[in-house]
Structure formats: C-alpha cells, structure tokens
Amino acid sequence: MAGTHLTSGTLLLWLIVSVIAANSFIFFADVGSKGVYSELIVTAAVTIAAALGIVLAYRQLKHNRHHAKMYVSLAAGLVLWFCADIIWASYELILHTAAPMPSLSDALWLAGYPFFAYNLFATYREFRSKVGRRALAASIAGNAVLLAYLVFLTASLSDFSTPGGVAMFAVIISYPLMNAVLTVPALPILVGLWKENPWSIPWTFKSLSLFCIVVTDSWFAFIIISGLYEQVWLSSMLFGAEYLILAGGLLWFNKFLPLYKGHGKEHRESKPLFPACNTGMVRHIQALVAAVLLASVIGYGLMTSMATASAEYVLPGSGNATLMVGALLPLTGALSSYGEEADVALRLAVGDVNAHLAASGSAKRVGLVIEDTRTDPQVALEKLESLASEGVRIVIGPATSAEVAAVKQYADQNDILIVSISSTAPDLAIPGDNVLRLVPNDTLQAQVIAQQMWDDGMRAIVPMWRGDVFGDNLQRLVEDNFESLGGAVIKGVEYEPLVGDFSSSLHRINFIVWEQDLRALGNTVTGAKAQYGAGNVGVYIVAFDEIVPILIQADRHPELESVRWYGSDGSAHVAGVADNSDAAQFAIKTNFLNPIYGAERTEEFKELEARIADKVGRTPRSYAEATYDALRLAALTLDGYSGTGSLREAFVQAANSYVGVTGSTELDGAGDRKSDSYGLWAVREAGRGGHASFAWTSVAAHGTGQEA
C-alpha cells in the first residue's frame, strides 16, 4: 500500500487542537488563576517555538548554508523572545511586582524584531518576483492607518511632562511600530506564495502568527475603548497561540521541506510519517483522536468552571450540622486581600465553636457555606439569593458598602440577617433594618483622619475616591470635617471603581487607565501647592486594593510624591502595598497614613491575630478578628433561637451582652458597632540583613484600648 504523509490539513488540525488545549487552561481557570496559567502557557509555547527554530537553524547551517542566515536570524529572534518571556514570567509569578518601564523584557522583545525583520526581508528578496506591487501597497497603507490610530490613541492617554510618561509612551508604541515593520513584507509574501506549495503552508502559519502578534500588541486599544478590562487575559491566549502557530510553521520546515540549495528548485518527496497502511484508516484515526482530545479538554474545562463557581462548604466532622451560617466574601476582585483574611478567620471560628460545643456535650454543630462575591454588588445579590434558597438566615458579609446596599432590600424582604464586618458607609446606618455591622460607621473615621491631616499641617487637601456608596460617603464626611477645622478641600478626582481582579492587577493596561486620573490629580495638586504652599497640601484617597497600581503609577509623577498622602480603612493593610517595592517606597516617601477600626488588643486578640497571620503571611486587618466574632455571635444566636420572634432582636441581644476577641460587640440604635477606637497604619521598611522588605506598622492610636 502507498505510504501516507502528514498533510498540511492534518498539521493544521493538530495545531488547532494544541491551541485549544493550551488556551483552555487559561479560559476555564478561575479569575485568580488566569494570570498564572497565562504565564505558564506562554512560556511553554515560546519554548517549543524557540527549540524548533534552533533545530531548523542548525540543519540549515549544516546542509544549506546558502539560506542559513535567514533561519539563524529567525532562531535568534525566537531565543531573545524566549528570554524576554522568562524574565516577564518571573516578574508575574515569582516577584509579584510590576515590571519597570522599560524593562529588560522590553529590551529583549524589541531586540528580537530586527532578526525577524531580516528573515522577512531576505525572504522578500528571494520571492520578490512573485510579490505583486498592489499587495505591497495595500499592506503599507493598511499598516499605516492602524499605526497612526494607535499612535494617536496612545498619545492622548500619555503624559509627556515626566520622564516616566515619555518612557511609557515609547514602550507601548514601539510594539505596534515594530509589528508594522514585519507585516508590511509578510502579507505581500503570503499573497504571492499562496499557490506556491509547499512554501504557502509555512508562510500561512507565519502570517497567522504575525496576525496574533498585531492583535495582541494592539489589544490595549480595544480594552480601553470598550472598558472590558477584565477580558485583558484574552491577550495571553493570543500570545500562546502566536508561538504555537509559528511552531507549526517551523515544524513543517523541519520535517517536510527538503534541504537543498536554491528555494526555486523542485522539492523532493519527503519521507512518509507513517509506514505503509490504509490512508483512509489513518485519517479516520487522526480525526477520532483529535475529536476525543477536544471533547476531553472542553469537558474538563466546563467541569472546572462549574466547580470554581459553586459555594464552598465547611462542615463539622461529627454531630448535627443544624446551625448553618452563610458568608459572602470578596475572595476575588477589588477587596480580595481582605477576603482571604476573612475566609481564614471564619474557618478558625467554625473549628473553635464546634470544639466548644463538643466539649459542652451539645449535639449541635456549626456549618458554614462560603460564596465569593468577587467584590461585585450584582454578584453579591445573586449569591445571597443562592444562600436563601438553602434556608440560610444569617449571612456574614458582604464586605463592601456597595455590596451591602445591593443586597439590603432582598434581605429585608426575606427576613435574612446581614452581618457585615467591614461595610462602614453612614448612609447604611438605618434603624430597624436587617443590616447589622460589627464595625463602626465612617463618622468617627472621618473625624480622626481630618484631625490628623490638620495636625500634620495640611491646610488644603485634594481628594481622589472611588465613586460608590463607600467612597462618596467617606469623602463627603472628611470634606465636612476638614473644612470645619478651617482647611480647604479642592475639587479632586472621582473614579469609576472597576470590578474584578484587574482593578488591582499590575498589568500595563491598568497603568494606562490610572494615568488619566493621576495626571488630573497631579495638575490639581500643582495648583494647590502654588496657592497654599508645598508643605501645606496633601492628597486624600479612598480606595480598595486598586491602591497598589495607583501608588506605583503615582510614583512616576514628581508633583504627587512631593506631598503627603492619607488613606482610609479600604487601603489599610492592603498586602500588595507592602509586597510591591515600588508601591511601598512611594507610601514611605509620602508617609501614607491609613485609619482603621482598632479593636482592644487583648491577649486573646493577639493570639487570634497570630493564628490568622500564620495562614495568610501578614498581619491581618482588625476586620478579620471582627469576622471571627461575627461567626461566634451567629452561632450563639442560632443556638438560642427558638424559631419564633425576631431573629434580628435575638442577634442584637446577643451582641449587646457579648465580649469577644475584639472586645464588647455592643451595637448602636442603627445596628452599627459602638466604638471610639481607631488606629493609624503606615508602611515602613522592615528589612534585615541587607534585604529590603516592607510591612504595615501601627504609628498612632485614637480612642480606648489602642496601642501605637
């Protein structure tokens, strides 16, 4: 029987399968894991492409020196990009920091372009007789239009008044510029070689790869215009596809193109991939295997996606789990740093409560069902409805005031008790409703930070705040308090809070997003300094975990690092500020002070703090300990509740007589915690032995029971 060959169709089929299989890990991963999978997939893909490029270059050097330079140049470019991707992955996966701009990765990526350009132009010279002038003119015109648009868009988003702004513009625009250099010759070559088998096959793959590069490097424009910031991970899928497609072309070169001098000669028959057998049977087997692989990948992805979207149950190992408590936590999104701490605190509380119940001889146990709200008010409402369908009556959380506002009506209508442990907006202090909060509202916080700014010599402040119920409430309160002291509050910057993990990510598009707001903030600060004096002006910011990219980007604006910064409980203890050296150093330079509710630091409190810190690797917010108390109060309430009467009143009575690890949990008339304790926290250098590290440190205390 006749031998069979791996045809271009079969290669394309397996390439499609490979791309889908690789990118499915990114596509179906949970939000918090997409970045990790993205870097791993891209690194694996570029490794394959670089390895095939090196093999091809070696074979050409050994057997076909006439065209060896073309392929050595291609391999050199791939090796440079391989090194760039490895360094970039180290920033993302190991250092967990923002790459400088420009970074060593940028230098290596941009250094690779001339090698790819040499390969393309050498190919163009080889086949210029087959390249039509119309195709070349169309390619030049199309690339010019796209490049002009991207230059215009990037320039409109950039700040040229600082070296950092100029560097950002130069780096961002360099990639589409270099892409244009490659695509101008590549597209005409593809058109000219379309019918020139076997050359059309690898060139089709090369062109598809270049298309992925162009789309990926221009993706930021679509993201910014559309506002689909959470979809930025799609660019990683295109990066991975780019390298795999290029690898497919290199595989064809390596395995199925003969080694001879002169590309114009008739190609020889390549060796069969499979021994003699029935051609139709082999093709059917290939198609079947591909279908099974695709079905397995998609099925696995769907199951994974469903699993990550479901609730997580923490159930006792013995007894009757009759006391079910719900939890709505921001495990992902703009307040995920707190969600992690609250999750640990709740699990510790469940264990401790059940141990106490067992020791007392009770057959009852506490069960917990945890839902991730993604710091998204709409998701919080959906998750509350899910908990209600399971009969849950007491829910700890949600964490943010915007989320509490979103679930309040449903909770009131369905007699579900919301016990928030970090929502502080005064607008939600409503007597008689089903929202109770184990932290004080922001009235005292606003007084504390306004007085601190005045005592520090600030006579004018420029606010920047997230435009939600929490940010609007707190900014207004601080403004009223600061003006009552005699200070001036200048019209600042209100920003639309983003949902999802992108809001606090260190992706470069995020820095482009914040550049506009920070430029406006910087201009206002400059004017305020001229009017009130440089030492008398401060920045007051209300943010969640997005404070990390904000501080990193603010460091590139000299006018912003020359004044003192003040924050809120939303940015206090955010892990990324201390973990990222750029953010930490800016916080130190500006003495970034953040107030947060301060519980009485009893020995029991310190012991629990150490247990939580052991799990999360940092000192938690005091809200984590309040979360622990919330679970114990919920269990105490349900244990004594007969099912008749008001569940709210039963909880309030329990809270008013309970003393937990955070002290007395007595509530005021609106259901908020009574407390006069606030602490001020700042980032300080904590490195030892020559290694610089940073940590949140208590620097001042207001009220009773506080330690500075």
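Q: Which residue forms a salt bridge with D106, and how far apart are the closest N and O atoms?
A: D106 pairs with R508, and their closest N and O atoms are 2.5 Å apart. The two ends belong to distant parts of the chain, since D106 is in helix α4 and R508 in helix α16 (residues 508–532), 402 residues apart. The term salt bridge covers a side-chain nitrogen of Lys or Arg within 4 Å of a carboxyl oxygen of Asp or Glu. Helices (H or I, at least four residues) and strands (E, at least two) are DSSP runs, numbered from the N terminus.

Q: What kind of model is this, and how are residues numbered?
A: The model is predicted, with local features needing pLDDT of at least 70 and side-chain atom pairs pLDDT 80 or more, while totals for chains, interfaces and linings use all residues. Numbering starts from 1 along each chain as its sequence is written, and side-chain values use heavy atoms, with hydrogens and water left out.

Q: Are D106 and R508 buried or exposed?
A: Both are buried. The cut-offs on relative accessible area are under 20% for buried and over 50% for exposed, with partly exposed in between (1.4 Å probe, protein chains only). In the protein, 55% of the 708 residues are buried.

Q: How many salt bridges does the whole structure have?
A: The search finds 22. One of them joins E371 and K383, with the closest N and O atoms 3.3 Å apart. Because E371 is in strand β3 and K383 in helix α12, this pair ties together parts 12 residues apart in sequence. E371 is buried at a relative accessible area of 3%, and K383 is buried at 17%.

Q: Which residue meets the side chain of D427 in a salt bridge?
A: The partner is R476, at 3.6 Å from N to O. D427 sits in the loop between β5 (417–420) and β6 (435–437) and R476 in helix α15 (residues 469–484), so the pair ties together parts 49 residues apart in sequence. D427 is partly exposed at 44% relative accessibility, and R476 is partly exposed at 38%. Elsewhere, E312, D343 and R347 are joined into one network by salt bridges that share partners.

Q: What should be checked in the backbone, and where is there a cis peptide bond?
A: Most residues other than glycine have a negative phi, and most peptide bonds are trans. Here, the bond from G397 to P398 is cis, with omega near 0°. P398 falls in the loop between β4 (394–396) and α13 (401–413). R374, not a glycine, has a positive phi near 60°, and T375, also not a glycine, has a positive phi of about 55°. R374 is in the loop between β3 (364–372) and α12 (377–389), as is T375. R374 is partly exposed at 38%, whereas T375 is buried at 6%.

Q: How many cavities of 30 Å³ or more are there, and what lines the largest cavity?
A: A cavity is a set of points, on a 1 Å grid over the protein atoms alone, where a 1.4 Å probe fits but cannot get out, and lining residues have an atom within 4 Å of a point. The search finds 8 cavities of 30 Å³ or more. The largest holds about 160 Å³ of space. Its lining has 13 residues, with L74, F116, L182, L210 and L246 nearest the centre. Helices α3 (68–95), α4 (104–127), α7 (200–217) and α9 (234–256) each supply at least two lining residues, and α7 gives the most, with 4.

Q: What is the volume of the second largest cavity?
A: It is about 90 Å³. Of its 13 lining residues, L335, S422, F544, G570 and Y623 are closest to the centre.

Q: Which residues are in contact with E546 and T627, beyond their sequence neighbours?
A: Contact means heavy atoms within 4.5 Å. Leaving aside neighbours within four places in sequence, E546 touches A334, R466, Y495, S503, S504 and W514. E546 lies in the loop between β10 (537–542) and α17 (547–554) and is buried at 1% relative accessibility. With the same neighbours left out, T627 is in contact with Y338, A342, A345, L346, I396 and I421. T627 belongs to helix α22 (residues 622–640) and is buried at 0%. Over the protein, 75% of contacts between residues at least 6 apart in sequence join residues at least 24 apart.

Note on methods. 1 Å grid on protein atoms, 1.4 Å probe; cavity = no way out; pocket = protein on both sides within 12 Å on 5 of 7 lines; lining within 4 Å. Points joined across faces, edges and corners; volume = space filled by probe spheres on them.
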